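I opened the model today with a short list of things to look up, and I kept a note of each as I went. The entries follow the order in which I worked.

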Amino acid sequence: MEGVSVRKIKKICVFCGANSGKDVAFVNAAFHLGKVLGKRKIDLVYGGGKLGLMGCVSTAVAQHERQVLGIIPSAFTINNLVGETCGKEIKVATMQERLVMMMELSDAFIALPGGFGTLEELFQMISWAQLNIHNKPIGVLNINGFFNGLLSFVDHAVKQEFITPRARKILISATTADELVDKLQAFQFEPDLALSKLKWSPSSSQKEKLDLTLRL
């Protein structure tokens, strides 16, 4: 990455399935991602527990002696529903509180294969980046083409002018963990000039009136 400004990433939040999926490649990739994070001295933030791919990546990071933080809604801890978190655990009251804390405590975000919860977390972070709530890089690890359909849909939404080309750049993709982390480190945030005027601080009682079309 000669000539490219490298972003300092100390903690990456990983969104992924609480199931292992049909293809053993998903499990192998989750373990390998944890290994890559460990070797690069990057700590993990994730949704807690030890089920599925979430358990794979957190176990691998811990095995490489990096810190693991699970942020988990208290409801999931009843009757040990998701298993024991591999590392430190923070319990929160709601799913939204969980996602906000993940955003605040992480320097970047990676999505592995998963279901509706994974997709919701991924697109929430993308939407918040578009709205200039954060400027952190977001990527998907496209294992065996798992995200091909999603990426094609996003490109289709760009062609139909529901997503701007500038906003499309928010979502990064790669087929290997090392390539993806490299891309996250090289990411340069390009805020929408109109959306960048939004004030999100709690003290702001009113938002500036903007003459724009929000393509969300």
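These entries go through the cavities, the core, two helices and a few single residues.

**Entry 1: what I am looking at.** I note at the outset that this is a predicted model, and I read everything below with that in mind.

**Entry 2: cavities.** How many cavities of 30 Å³ or more does a search of the whole structure find? I found 2 cavities at that cut-off, and I took the largest one to begin with, which holds about 80 Å³ of space. Its lining is made up of Ala129, Gln130, Thr164, Arg166, Ala167, Ile170, Phe189, Glu190, Pro191, Asp192 and Leu195. When I sorted this lining by class, I counted 6 nonpolar, 2 polar and 3 charged residues. Helix H5 (116-130) and helix H7 (165-168) each contribute at least two residues to the lining of this cavity.

I then turned to the second largest cavity, where about 40 Å³ of space lies. The residues lining the second largest cavity are Met95, Arg98, Leu99, Glu120 and Glu121, and by class they divide into 2 nonpolar, no polar and 3 charged. Helix H4 (95-105) and H5 each supply at least two residues here, with H4 giving the most, 3 residues.

**Entry 3: helix H4.** Since H4 had come up at the second cavity, I looked up which of its residues are buried, and these are Arg98, Leu99, Met102 and Met103. They sit on the same side of H4, because they cover an arc of only 135° around the axis. I set beside this the general rule that an α-helix has 3.6 residues a turn, so residues three or four places apart point the same way.

I also checked Thr94, which is placed in the loop between strand S4 (88-92) and H4. Thr94 counts as partly exposed because its relative accessibility is 39%. Thr94 and Ile72 are 22 residues apart along the chain, and their C-alpha atoms are separated by 8.7 Å.

**Entry 4: helix H8.** Which residues of helix H8 (residues 177-186) are buried? I listed Ala177, Leu180, Val181, Leu184 and Gln185. Seen down the axis of H8, these buried residues fall within an arc of 135°, and therefore they line one face of the helix. I then asked what covers the buried residues of H8, and the elements include strand S1 (11-15), helix H1 (24-39), strand S5 (108-111), strand S6 (138-141) and strand S7 (171-174).

**Entry 5: the nonpolar core.** The largest nonpolar core has 59 residues, among which Ile12, Val14, Leu37 and Leu112 touch the most other members. H1 provides the largest share of this core, 8 residues. I followed Leu37 further and, leaving out residues up to four places away in sequence, found that Leu37 touches Ile12, Val14, Ile42, Leu44, Val61, Arg66 and Val181. As a general point I wrote down that nonpolar side chains tend to be buried together in soluble globular proteins.

**Entry 6: Thr118.** Is Thr118 buried or exposed? Thr118 has 4% relative accessibility, so I recorded Thr118 as buried, which requires a value under 20%. Thr118 lies in helix H5, and, not counting residues up to four places away in sequence, Thr118 touches Phe15, Cys16, Gly17, Ala111 and Leu112.

**Entry 7: Arg7.** I found Arg7 in the segment before S1, where Arg7 counts as partly exposed because its relative accessibility is 22%. Setting aside neighbours within four places in sequence, I listed the contacts of Arg7 as Asn135, Lys136, Pro137, Leu184, Gln185, Phe187 and Phe189. I also noted that Arg7 and Asp107, which are 100 residues apart in sequence, are 9.2 Å apart in space, C-alpha to C-alpha.

**Entry 8: positive phi values.** My last check was on backbone angles. Glu65 is not a glycine, although its phi is positive at about 60°, and Glu65 is found in the loop between helix H2 (52-63) and strand S3 (68-73). With a relative accessible area of 72%, Glu65 is exposed. Asn132 also is not a glycine and has a positive phi of about 65°. Asn132 is placed in the loop between H5 and S6, and at 25% relative accessibility I recorded Asn132 as partly exposed.

Definitions and conventions
Residues are numbered from 1 along each chain as its sequence is written. This is a predicted model: local features need pLDDT of at least 70, side-chain atom pairs count only at pLDDT 80 or more; totals for chains, interfaces and linings use all residues. Side-chain values use heavy atoms; hydrogens and water are left out. On a 1 Å grid over the protein atoms alone, a cavity is a set of points where a 1.4 Å probe fits but cannot get out, and a pocket is an open set with protein on both sides within 12 Å along at least five of seven lines; lining residues have an atom within 4 Å of a point. Grid points are joined across faces, edges and corners, and a volume is the space filled by probe spheres set on the points. Helices (H or I, at least four residues) and strands (E, at least two) are DSSP runs, numbered from the N terminus. Ala, Val, Leu, Ile, Met, Phe, Trp, Tyr, Cys and Pro count as nonpolar, Asp, Glu, Lys and Arg as charged, and the others, Gly among them, as polar. Buried means under 20% relative accessible area, exposed over 50%, partly exposed in between (1.4 Å probe, protein chains only). Contact means heavy atoms within 4.5 Å. The arc is that of the directions from the helix axis to the C-beta atoms. A nonpolar core is a set of buried Ala, Val, Leu, Ile, Met, Phe, Trp, Tyr and Cys residues joined through side-chain atoms within 4.5 Å.
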